[in-house]
Amino acid sequence: MPNIRVDARRLTGKKFLIPGQTTTPIDATTVISLALAPGTYVFQQMSEPPATFTFDVTPDGFVTYDPANDGFLAGQGTGTLIVQGFAIAIDGRALSHDLITVLPGNTDVLSRDSTHELTLIPGTYRLALVSSVADFAFVLAIDGRVSIESRYTGFAKAVEQTLTIHGYRIAIDGRALSHDLVPVLPGNTDVLSRDSTHELTLIPGTYRLALVSSVADFAFVLAIDGRVSIESRYTGFAKAAEQTLTIHGYRIAIDGRALSHDLVPVLPGNTDVLSRDSTHELTLIPDQVYKFLPRDAGISFTLTLDIDGTVSVVPGGLTVEHRPLQDRLLDDFTTGLDSFAVPLSATTSRRQTGAMLGGERSTSVTNLASAQGALARFDVGSAGCRLQLTLGVDQQARLQVSYGLRDDGTLAPLGVNLHDGGVDRLRTTISRVNGSTDVKVTVFTPTGPSSARARASGGLIEFRFVDFAGPGGQDFTDVSHIVFEFISGDSFTVDVIEACGPHRASRLVS
């Protein structure tokens, strides 16, 4: 039986199989010798699916293979099969995380600091994150060229022997929490402080967030189309819209007044002391282990916060309670259906009634500019959309949506307290926008108006009460009417307007 030498030392993946001849992977770091009878054999590397090619052993003990494989094989007509592979480059420098190759005998991390070279045989390959395989694959063809499916072109590009992965940019907003967040990403230990919204550039996959000593009981998914989503069981404390993940957490009351010592919660980025003189509130994401340590000597406690907001603590002696927020839906645009078109330089005002704040909504559209004299089209309820303003090329329009204000300008005072239920902000969700939209919110009270502004490019846009300025101040206990104004040069869709919370902890309760 001929002895055939196999030299696969150049490959990045250092393990291979010859099915039917070897039962365990063969180490490719050295040249190995196999006793192979004349016949056809498969060289296999365990990618997903396995990368393979065939070769023959002649009665004379020589190796032969399809000449089409000359680009990555050598040793035709000799006693040695040389698997030299193709050298390709992978560029992930735009990402917020490193990449891990899913290759037999190779666990190298491809850091985002530089471009990396891999030597592979033709096949389909995947890349891993920390605890899962990314929702992405690339193909190395028999001619040495890299390619990807068209559905991946939103975040990656393949040209000749180079694969460039630029990822999707998403925003994570944890400003409502009492703690910072740490994304579980290969090669990235950055902390996402709760002082601001943070951007990450990721490839499609499933991601988790860490606390101090554990990974939170929460995951989000970045889909191939670049949209962030979460499972329905997480919607009690988080919301995903387009490229934005907002984590508002659960509001928990901590009552240690029966203790003989103060407590220090072990939370990323939070060193607050919870004194035993009063009850405190913390806003947390679900996790099985939250530690509360004594400030000096005393008892330590472990708090568990479940996905549904159920909270428990051991040992006894510390009172904890989930205090749900009472978010108020102002308008989800499922009622008060209407549509109209506005000519250039004109303004059209209409009134719609239904299940929105105050039972009626006043809308006003001004077609400010259009190079082609196009109409500005307003619609609520058609084609599955909520509120939509459709504009043409080089067009600009202003949309005002008012509550407590009739279309003739007279008041129908709302008389609502926006602070009820711990609410501390107004929020609107813009699900579709081609460019950016300037949004202004004005709240009117007996002492006057107060306004806040933002520039939106899609997702959740929040207007915290502390950011409002004007004669009316920030006391919204008696609101007469509210006006949302959108100025845009692109079409956009508004899904919902709501008043929500929570307050940031640790807030003194009593």
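This tour visits aromatic ring pairs in a predicted model.

**Starting point.** Display the side chains of the aromatic residues. The structure holds 20 aromatic pairs. One of them is formed by Y207 and F220, and this pair is stacked, with 5.6 Å from centre to centre and 20° between the planes.

**The strands behind the first pair.** Select residues 205-210 and then residues 215-222. The former make up strand β22, which carries Y207, and the latter make up strand β23, which carries F220. The two residues are 13 apart, and their pair links distant parts of the chain. Next, colour both residues by accessibility. Y207 has a relative accessible area of 2% and is therefore buried, since buried means under 20%. F220 is likewise buried, at 1% relative accessibility.

**The second pair.** Keep strand β23 in view and select F218 together with Y234. How are the planes of these two rings oriented? They stand at 80° with their centres 5.0 Å apart, so the pair is edge-to-face; planes over 60 degrees apart count as such.

To place the partners, note that F218 lies in strand β23, whereas Y234 lies in the loop between β24 (228-229) and β25 (238-241). This pair, too, links distant parts of the chain, its members being 16 residues apart. Are F218 and Y234 buried or exposed? F218 counts as buried at 0% relative accessibility, and Y234 counts as buried at 1%.

**Final stop.** Select F16, F43, F53, F72 and F86 together. Ring pairs link these residues into a cluster.

Key: Residues numbered from 1 in each chain as written. Predicted model: local features only at pLDDT ≥ 70, side-chain atom pairs only at ≥ 80, totals over all residues. Heavy atoms only, no water. Phe/Tyr/Trp six-rings, centres within 6.5 Å; stacked < 30°, edge-to-face > 60°. Helix = DSSP H or I, 4+ residues; strand = E, 2+ residues; numbered from the N terminus. Buried < 20%, exposed > 50% of the residue type's maximum accessible area, 1.4 Å probe, protein only.
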